[in-house]
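Take a look at the sequence and the structure below. Then read the short report that goes with them.

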Amino acid sequence: QVRAVRAHPDQSLMTQGTEQALGLIAQVLMNEGAAIALENPGYLSARKVFMAHGALPVHIPVDDEGLIVEALYQRTSAPIKLAYVTPSHQFPTGALMSLPRRIALLEWANQTNGWIIEDDYDSEFRYGGRPVPALQGFDAANRVLYIGTFSKIMFPGLQIGYLVLPPELVSVFTRAKWLCDRQCSLIHQAALTDFIQLGHLARH
């Protein structure tokens, strides 16, 4: 609700952090040599994960409004079908993707039948103003995969994240996750549950 994400609980898949979420996306949605758009400058670990799965990184420049969407239409050896972005707080520049850019990015996904990976890695930290709505909340066509993590609000060593999926991808991602590791740590999930419930009680 705080991030204005539109999703049913069944669309949320627990992961062992952001890197596992990215790895699952690569396994399910990419073939060898697939082109993926990455912000330049951008998150180096994401680039390494995708390249480890055989992706062809296409570096898209950013400015003070975020990813320059027009560059996604450039000719590459393989058509760009995936775009990895950090729209609420671009890493490492800190730029906030403007509303026109968000709309343009969603239009790109609709026109090309592409997918947008939204990494909302530190959305819980706001030092002024209202929280910025997630890009996923604007997505009426279900083209956005939304990644978040609990490591910053609880403690850095907690390897629990989540992946909010378009409904059509839930089944295949659930099977892929089961093949990877069956489940995330139940002890950590129980501690996280208590943490969330205590926070809820404190607010009320």
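The report covers one threonine, the aromatic pairs, some backbone features and the empty spaces. Keep in mind that this is a predicted model.

**Threonine 15**

Start with strand E1, which covers residues 12-15. Threonine 15 belongs to this strand. Is threonine 15 buried or exposed? Its relative accessibility is 0%, so threonine 15 counts as buried. Its side chain makes a polar contact as well: it reaches the backbone oxygen of glycine 17 at 3.0 Å. Threonine 15 also touches residues further along the sequence, leaving aside those up to four places away. Among them are Gln20, Ala21 and Leu24. The list also includes Gln159, Ile160, Gly161, Tyr162 and Leu163, as well as Lys177 and Cys184.

**Aromatic pairs**

The model has five aromatic pairs. One of them joins tyrosine 43 and phenylalanine 91. Their ring centres are 5.6 Å apart and their planes meet at 80°, so this pair is edge-to-face. Where do the two partners, tyrosine 43 and phenylalanine 91, lie? Tyrosine 43 sits in the loop between strand E2 (35-40) and helix H2 (44-52). Phenylalanine 91 sits in the loop between strand E5 (80-85) and helix H3 (99-112). The pair therefore ties together parts that are 48 residues apart in sequence. Tyrosine 43 has 26% relative accessibility, so it counts as partly exposed. Phenylalanine 91 is partly exposed too, with a relative accessible area of 33%.

Another aromatic pair is made by tyrosine 146 and tyrosine 162. This one is tilted, with 6.3 Å from centre to centre and 40° between the planes. Tyrosine 146 is in strand E7 (residues 144-149), and tyrosine 162 is in strand E8 (residues 161-164), so this pair links parts 16 residues apart in sequence. Tyrosine 146 is buried, with a relative accessible area of 2%.

Tyr43 and Phe91 appear again in a cluster. Together with Tyr121 they form one aromatic cluster.

**Backbone features**

Some backbone angles deserve a look. Here are two cis peptide bonds.

| Peptide bond | Omega | Place of the proline |
|---|---|---|
| asparagine 40 to proline 41, cis | near 5° | proline 41: loop between E2 and H2 |
| phenylalanine 91 to proline 92, cis | near 10° | proline 92: loop between E5 and H3 |

Next comes phi. Alanine 4 has a phi near 60°, a positive value in a residue other than glycine. Alanine 4 is in the segment before E1. With 35% relative accessibility, alanine 4 counts as partly exposed. Asparagine 142 also has a positive phi, near 60°, and is not a glycine. Asparagine 142 lies in the loop between strand E6 (115-119) and E7. It is partly exposed, with a relative accessible area of 31%.

**Empty spaces**

Rolling a probe the size of a water molecule over the atoms shows where empty space is left. How many cavities of 30 Å³ or more does a search of the whole structure find? It finds one. The largest cavity holds about 30 Å³ of space. Asparagine 142 helps to line it, along with Arg6, Gln11, Gln136, Asp139, Val144 and Pro166. By class, this lining has two nonpolar, three polar and two charged residues.

Now turn to the second largest pocket. Its volume is about 240 Å³. There are 15 residues in its lining, and those closest to the centre are Thr18, Glu19, Tyr43, Thr149 and Lys152. The lining divides into seven nonpolar, five polar and three charged residues.

Notes:
Residues are numbered from 1 along each chain as its sequence is written. This is a predicted model: local features need pLDDT of at least 70, side-chain atom pairs count only at pLDDT 80 or more; totals for chains, interfaces and linings use all residues. Side-chain values use heavy atoms; hydrogens and water are left out. Helices (H or I, at least four residues) and strands (E, at least two) are DSSP runs, numbered from the N terminus. Buried means under 20% relative accessible area, exposed over 50%, partly exposed in between (1.4 Å probe, protein chains only). A polar contact is a pair of N or O atoms within 3.5 Å; within protein, one must be able to donate a hydrogen and the other to accept it, and residues adjacent in sequence count only if both atoms are side-chain atoms. Contact means heavy atoms within 4.5 Å. On a 1 Å grid over the protein atoms alone, a cavity is a set of points where a 1.4 Å probe fits but cannot get out, and a pocket is an open set with protein on both sides within 12 Å along at least five of seven lines; lining residues have an atom within 4 Å of a point. Grid points are joined across faces, edges and corners, and a volume is the space filled by probe spheres set on the points. Ala, Val, Leu, Ile, Met, Phe, Trp, Tyr, Cys and Pro count as nonpolar, Asp, Glu, Lys and Arg as charged, and the others, Gly among them, as polar. Rings of Phe, Tyr and Trp (its six-membered ring) pair if their centres lie within 6.5 Å; planes under 30 degrees apart count as stacked, over 60 as edge-to-face and the rest as tilted.
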